Amino acid sequence: MPLLRKQLDPKVVLGIMLTGTFFASVSQSMLTSALPTIMHEFGINATLGQLLTTSYIYVLGIVAAFSAYLITRCNVRRLFLGALALFCAGCAVAYLSTGYGALLASRLMQACGTGVLMPLMQVIALELYPKERHGHALGLVGLVFGFAPVVGPTLSGIITDMLGWRTIFAILGCGALLSLAGSSFVVRDVGKHGRSALDVRSMLLYTFGLIVFMVGVTGLEQFGFFDVRAFGPTLVGVVLVAVFAVRQLRVDRPYLKLALFRNRTFATGVVLLVIAQAVMMSSALQVPLCIQEIHGYTPTESGLILLAGALCMPLLNPVTGRLYDRYGGKLNGTIGFFLLVVGTGSFVFFSSDISPLWIAGMYMVRMVGIAFVLMPMTAYCMTDLEGADVPQGAAIVNSFRQICGSLGSSVMMAVVTSVSVDAGSIDVSMVGFSVSFAIQALFAAVAFICVLLFVRGKRQTRKPMPSA
């Protein structure tokens, strides 16, 4: 795929595009520390509050699946500038919103733009670097993708206390707008692209199936696990997604090439990424909420407590990328999930009077573990992919990661709410958080065992992809 005209250095243009993508990526978590303030202003509960973040990530995952078609059909210039412009429009709507509905709609607009930008950047990075340096390439992309969302809670806490939560969107929108203006001068149209037909039926099955499923999962938090308003939509969503999956294995030009899961390397990597993303997103939403609602800290204090851990993940991404290039996925996965088990499990034993230094330390351990997993496992997924399978693989990885991360955080929030109510609390409680962290640690432990059993090291021979 010819990406850029010869007179431009591809790496320079990639850097400029990543700068614009940073503002879109950071918006994923920019409301986590501001959620209590927004909840009080609009008079909404924790379920609707965290939906501002989980729905964003969920829609991001849905759009990421559509990106495989867009990347193979459209040129880089129009695709990149259009996605960034849509994000800017979403920030403007958020800043001007006067009710919860408008704010939620603005978040979905931002997610649509970000959902195209993230897989687009990964595909470009993989095209610019040879396969033996894919870990390094994705480490550079991960430096942006990792740094952006993890510093969100810290920045949003400080901005919310000093200037109000609306200023968050003013800053993001202005930064993205400046990047949009600069990119319009340096980002060029690509060369030839395929004229692949879009499988509209598959797209509708996937999109509406996941939306209905998300409605059901959100109902788990509001109505309980056994209410028909919760498990009814959940069941319908499962059926629609199952029909979609069967269709992808039968059509000649699938919307998502699920046949890639026949390759053990790709399937193992995606499963591990899904678990890591779900654990990361669950804690990213619950830890700031726990710090503010249980321990009584302000949004600024909450952000500062998490700052050290937030900085660890992006700064380690280039290091973990080089380790992957040298040793393969097994070393990174073993270290990463072990630290994730230790860091997440420690929160189970926290009490309402725990020292903020302990919270900061254990959160740092968690984020170091995440840094050893996310981008190296993404590179591991793409090991056996070639040609047109690369954008398809990137679309599947990004879509599944974001969707499962959103679903995981929603289910874990439902656990917090349900356990808290059973414990006699009208709101969230420390008991509810402890149970949620225990479940997350258990999933991380299962992933740790899977790494030991199924992930191969660098020295083993890689088998080619089987024909679909």
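Which residues make a nonpolar surface patch of about 430 Å²? In this predicted model, the patch is made by Val200, Leu204, Phe208, Ile211 and Val215. Two helices and a pair of cysteines are worth a look too.

**The patch and H8**
- Val200, one of the patch residues, sits in helix H8, which covers residues 200–223.
- With a relative accessibility of 43%, Val200 counts as partly exposed.

**Helix H13**
- H13 takes in residues 356–371, 16 residues in total.
- At 1.5 Å a residue, H13 should span 22 Å, and that agrees with its end C-alpha atoms, which are 22 Å apart.
- Plenty of names turn up on the buried list for H13: Ile359, Ala360, Met362, Tyr363, Arg366, Met367, Val368, Gly369, Ile370 and Ala371.

**Helix H14**
- H14 runs over residues 374–381, and 8 of its 8 residues are buried, so the helix is largely enclosed by the rest of the structure.
- Among those buried residues are Leu374, Met375, Pro376 and Met377, and Thr378, Ala379, Tyr380 and Cys381 are buried as well.

**Cysteines**
- Searching the whole structure for disulfides turns up 0.
- Cys88 is in no disulfide, and its nearest cysteine sulfur, that of Cys91, is 6.4 Å away.
- Cys88 is also buried, at 11% relative accessible area.
- For Cys174, the closest cysteine sulfur is in Cys88, 8.9 Å away, which is too far for a bond, given that a disulfide needs the two sulfur atoms within 2.5 Å.
- Cys174 comes out as partly exposed, at 48% relative accessibility.

How values were computed
Residues are numbered from 1 along each chain as its sequence is written. This is a predicted model: local features need pLDDT of at least 70, side-chain atom pairs count only at pLDDT 80 or more; totals for chains, interfaces and linings use all residues. Side-chain values use heavy atoms; hydrogens and water are left out. Patches are made of residues with over 30% relative accessible area and no salt bridge: like charges are joined within 9 Å, nonpolar side chains (Val, Leu, Ile, Met, Phe, Trp, Tyr) within 5 Å. Accessible areas come from the Shrake-Rupley method with a 1.4 Å probe; for residues, only the protein chains shown count as cover. A salt bridge is a side-chain nitrogen of Lys or Arg within 4 Å of a carboxyl oxygen of Asp or Glu. Helices (H or I, at least four residues) and strands (E, at least two) are DSSP runs, numbered from the N terminus. Buried means under 20% relative accessible area, exposed over 50%, partly exposed in between (1.4 Å probe, protein chains only). The expected span of a helix is 1.5 Å times one less than its number of residues.
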